[in-house]
Amino acid sequence: MEQQAKAPPDIKKIAQFLRGGGAGMKVRVGALNGKRLDYFKGKSAIKALLSPAFAKVKGAPKVTSEAEAQTILQAVNAFAFFLRVQRGGPTGSSSSSPKALQIIPEQMFSPDEYYAWFYEGSQWTTYAGGILMVAIMLAGVMFPLWPPIMRLGVWYLSIGMLGLIGLFFAIAIVRLIFYIITLIVASPGIWIFPQLFADVGFVESFIPLWEWDLPKKKSKKKKGDKKEKEKGKSSAQKHKENGGAFIEEVDDSEQSRPHSRAARVEDAEDDD
């Protein structure tokens with residue numbers, strides 16, 4: 001846009017920071033006239049300008065309060081880097097579909113409003129990725145013209161990669177067969193490399209070497225804590241929780257029972 005080209009350098013740096021991944025803003029996807037656009041809420045932009053990451057940006061103005069952040073974002077909005085929009089309902093049948101967006105003629109910045117991005121940010125990563133893709137395709141097409149040493153090295157590298165993939169599948173099949181055998185012979189069975197498919201590092205996938213397939217024990221800590229809490233409650237707390245009435249347990253012992261009130265008859269001497 002022409003307005004974005006006329007923006008001062010400090011405004012451009014703020015827009016680049018907010019559009020980049022370092023700002024930590026929550027970006028959502030909406031639909032404006034059938035075209036998908038990223039949009040955000042004003043509060044997230046204010047938090048991004050008050051974050052320590054923005055303080056490290058060189059050449060950007062310092063922001064110490066929400067009022068200053070709102071003033072700066074109003075200036076960024078004036079150069080049409082993002083525009084105030086009204087969010088509607090989902091564009092599709094699913095609730096997770098992009099929500100419809102509509103540009104509001106009166107532009108202003110408010111923490112509770114939504115703003116759609118009309119600025120793509122720095123495009124050097126896109127250009128670099130395109131150049132790299134073209135270089136890889138050209139290198140593949142020109143493979144017959146490569147020197148014999150390079151072609152031989154690529155052939156050894158591809159054979160090594162295929163060998164590693166085949167070894168991985170072989171280990172998976174062998175460990176499954178071994179588990180089935182040990183499940184029949186020595187229940188509950190033994191897994192070789194039990195962490196092979198776990199979400200761990202490469203080295204941790206092969207540690208330990210084997211392990212019994214024992215079921216995971218359920219923790220009884222919660223039940224014990226609950227009983228201790230019930231025991232620790234005083235009579236006043238029980239009285240309050242039960243709506244003003246509670247029954248107190250009394251030990252069934254002779255000391256706890258009340259003594260019966262019986263009449264005692266004693267012989268008294270007659271006074272003559």
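How many bridges join strand 1 to strand 4, and do they run parallel or antiparallel? Strand 1 and strand 4 are joined by 2 bridges and run parallel. Two strands count as paired here if DSSP finds at least two bridges between them, while strands (E, at least two residues) and helices (H or I, at least four) are DSSP runs numbered from the N terminus.

Before going on, a word on the model: it is predicted, so local features need pLDDT of at least 70 and side-chain atom pairs count only at pLDDT 80 or more, whereas totals for chains, interfaces and linings use all residues. Residues are numbered from 1 along each chain as its sequence is written, and side-chain values use heavy atoms, with hydrogens and water left out.

**The barrel**

That parallel pair belongs to a closed barrel of 5 strands in the order 1-2-5-3-4, with mixed pairing. From one strand to the next, the twist averages 55°; angles run from 0 to 180 degrees between N-to-C directions, and axes are lines fitted to C-alpha atoms, for helices over the stretch in contact. Strands of a sheet pair through backbone hydrogen bonds, either parallel or antiparallel. Here are four of the pairings, for you to follow in the structure:

| Strands | Bridges | Sense |
|---|---|---|
| Strand 1 (residues 28–32) and strand 2 | 5 bridges | antiparallel |
| Strand 2 and strand 5 | 3 bridges | antiparallel |
| Strand 3 (residues 82–90) and strand 4 (residues 99–103) | 4 bridges | antiparallel |
| Strand 1 and strand 4 | 2 bridges | parallel |

Gly30 is a handy place to start, as it stands opposite Leu37 in strand 2 and also opposite Lys99 in strand 4. Between strand 3 and strand 4, Val85 has Ile103 as its bridge partner, and Arg87 has Leu101. Lys41 is matched with Tyr114 in strand 5.

Strand 1 and strand 2 form a hairpin with 2 residues between them. In its turn sits Asn33, which has a positive phi of about 55° although it is not a glycine.

**Helices on the sheet**

Contact here means heavy atoms within 4.5 Å. After the strand pairs come two helices: Helix 3 (residues 42–49) packs on the sheet, where it touches strand 2 (35–41) and strand 5 (114–117), and its direction makes about 60° with that of strand 2. Helix 5 (residues 66–78) also packs on the sheet, touching strand 3 and strand 5, with its direction at about 90° to that of strand 3.

**Aromatic pairs**

The structure holds 18 aromatic pairs. One of them joins Tyr39 and Tyr114 edge-to-face, at 5.9 Å centre to centre and 70° between the planes. Rings of Phe, Tyr and Trp (its six-membered ring) pair if their centres lie within 6.5 Å, and planes under 30 degrees apart count as stacked, over 60 as edge-to-face and the rest as tilted. This pair links distant parts of the chain, with Tyr39 in strand 2 and Tyr114 in strand 5, 75 residues apart.

**Two cis prolines**

The Ser187 to Pro188 peptide bond is cis, with omega near 15°, and Pro188 lies in the loop between helix 7 (148–185) and strand 6 (190–192). The bond from Ile207 to Pro208 is cis too, with omega near 0°; Pro208 is in the loop between strand 6 and strand 7 (210–212).
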